[in-house]
Amino acid sequence: MLYTSTRDKSIRVSAAQAIAQGISNEGGLFVPVELPSFTADKIKSMVGMSYIDRAKTVLREFLTDFTEEELNYCVEGAYAASKFSSDKIAPTVNVAGNKNVLELWHGPTCAFKDMALQLLPYLMTVSAKKTADGKTIVILVATSGDTGKAALEGFKDVDNTKILVFYPVDGVSPMQKLQMTTQEGCNVAVCAINGNFDDAQSAVKSIFTNEEIKNELEKKNMMFSSANSINWGRLVPQIVYYFSTYCDLAQSGKISIGDEINVVVPTGNFGNILAGYYAKKMGLPIKTLVCASNTNNVLTDFLKTGTYNKNRDFYTTTSPSMDILISSNLERLLYHMSGEDDAMVRDLMSQLSAKGEYTVSDQLIAEIQSIFDAGYTDENSVDATIKEHFDKYKYLCDTHTAVAVKVYDEYVKNTRDDIPTVIDSTASPYKFCASVLNAITDEDISSMDEFDMVGELNRVSGVVIPAPIASLKDKTVRFTDVCDKEDMSQMVFKLLDL
């Protein structure tokens, strides 16, 4: 399995090179040259497997330069039972009828990012040994909330790595902020920026391709890589859980092997739903991928019209991990669905950088719409959906999951397409206590601190408090730096003592 770049398809690198490097030198994203094929018989053989064995079965096809011993080391280390609160790792829960929720938040930071970021450090260290000549890998991360903590937790005290995380100072929940600023580890650093996630992500991409900064790192025997989903090593583990949830539905008798399902994903940076697209292209019987957006509905507008336009108001919502106007992974989809037209991708990304918008051809958007549907949810509907599902089904979901649930309900109402469906649940409701409590109770919680709210949500809902959330109460805040987006380069130098 070789990898190329969305902006230069003449490039060929190994999986290890793609993972260690993170982003191609000209700014493109690494993608597989071809996708493996999973037949119905192969999928059927995975039904009785554990999550770990399902992961090995999928990842083996993509990491062909990893030995079997290296693959075992990576996967078994990442998904050890001690790290996850469910023995299923990512359990599929039936809420009602054909509505099933894939809970991706049972890992150490209570967010779906753990599914990839527990594995990425293992992939990175193995890849670095193969390709990076003993360099220290500097992981540079922009986060809208969950990626930062999951990356910090995954990479803390990993040999020959350092990790720097930037987050929007007013763009994460109090619990997300506390998770990051109390992070333990001798190789970690965290800084807030005055700006939003897109500002942080754009600055990180710029730093990656800044020759002066790269030269300074080279002098110290360091190199940049990424833990954002622009890194193939972050994206490929996410393909696994779509195969796993399909196998769980088959095992429970909800479907038979070969039956189609729909998948609904709350997404901002398009990585989570793109992993579902890869699974579909590999042979998993996914009929429609439904993209669910919050008020920052740039993706919904693109999927409906073919025009991507980030020149719009930015909203800070109760689902902050989706408060994004530049969806990086959409570039990968455009590359694949345009017949690997790297010149077109270069042109579109240039237009996005220069003008903040682009429009694809009628033919291309028609191709995309044959696979994807989309919808968005406003803030009032998020609260109503959380309350309705708790009152009616005793199922408590967080704000991001509620966006997807509401979009799914509207999709079924509009299309009558009520086949078995998987809705990605991306975070524990305890990461967004204030919003969830406001939705399900009429209490005045304005005088409560974050941990009073945790206790109250537990009392009202009966849902067990995740251990990683409970343990935060006694942790000390370590990181208080704040910088302007224009000063992120200097902050990188400061945090790395360069």
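This report describes cysteines, a helix pair and two individual residues in a predicted model.

**Cysteines**

The structure contains 0 disulfides. For cysteine 110, which takes part in no disulfide, the nearest cysteine sulfur belongs to cysteine 433 and is 11 Å away. Because a disulfide requires sulfur atoms within 2.5 Å, the separation of 11 Å between the sulfurs of cysteine 110 and cysteine 433 does not qualify. Cysteine 291 is likewise in no disulfide, and the nearest cysteine sulfur, 18 Å away, is that of cysteine 397. Cysteine 110 is buried, at a relative accessible area of 2%, and cysteine 291 is also buried, at 0%.

**Relative accessible areas**

The values for four residues are set out below.

| Residue | Relative accessible area | Class |
|---|---|---|
| Cysteine 110 | 2% | buried |
| Cysteine 291 | 0% | buried |
| Lysine 99 | 9% | buried |
| Glutamate 260 | 43% | partly exposed |

**Helices α14 and α15**

Helix α14 spans residues 330-337 and helix α15 spans residues 342-355; their axes come within 9 Å and cross at roughly 145°. The crossing is right-handed. On the α14 side, the contact is made by Glu331, Leu334 and Tyr335. Helix α15 contributes Asp342, Met344, Val345, Leu348 and Met349. By residue class, this contact comprises 6 nonpolar and 2 charged residues, with no polar ones.

**Lysine 99**

Lysine 99 belongs to strand β5, which covers residues 99-103. With a relative accessibility of 9%, lysine 99 is classed as buried because the limit for that class is under 20%. The side chain of lysine 99 forms a polar contact with the side chain of aspartate 409, at 2.9 Å. Setting aside residues up to four places away in sequence, lysine 99 touches Val93, Asn94, His389, Val405, Tyr408, Asp409, Thr421 and Ile423. Aspartate 409 thus appears both as the polar partner of lysine 99 and among the residues that lysine 99 touches.

**Glutamate 260**

Glutamate 260 is located in the loop between α11 (232-251) and β10 (261-266). Its relative accessible area of 43% makes glutamate 260 partly exposed, since this class lies between the 20% and 50% limits. Apart from neighbours within four places in sequence, glutamate 260 is in contact with Pro285, Lys287, Ile419 and Pro420. The C-alpha atom of glutamate 260 is separated by 37 Å from that of isoleucine 469, a residue 209 residues apart from glutamate 260 along the chain.

Conventions: Residues numbered from 1 in each chain as written. Predicted model: local features only at pLDDT ≥ 70, side-chain atom pairs only at ≥ 80, totals over all residues. Heavy atoms only, no water. Buried < 20%, exposed > 50% of the residue type's maximum accessible area, 1.4 Å probe, protein only. Axes fitted to C-alpha atoms, helices over the stretch in contact; angles between N-to-C directions. Helix = DSSP H or I, 4+ residues; strand = E, 2+ residues; numbered from the N terminus. Left-handed = near helix turned anticlockwise from the far one by under 90°. Contact = heavy atoms within 4.5 Å. Nonpolar A, V, L, I, M, F, W, Y, C, P; charged D, E, K, R; others polar. Polar contact = N/O pair within 3.5 Å; in protein donor to acceptor, adjacent residues only side chain to side chain.
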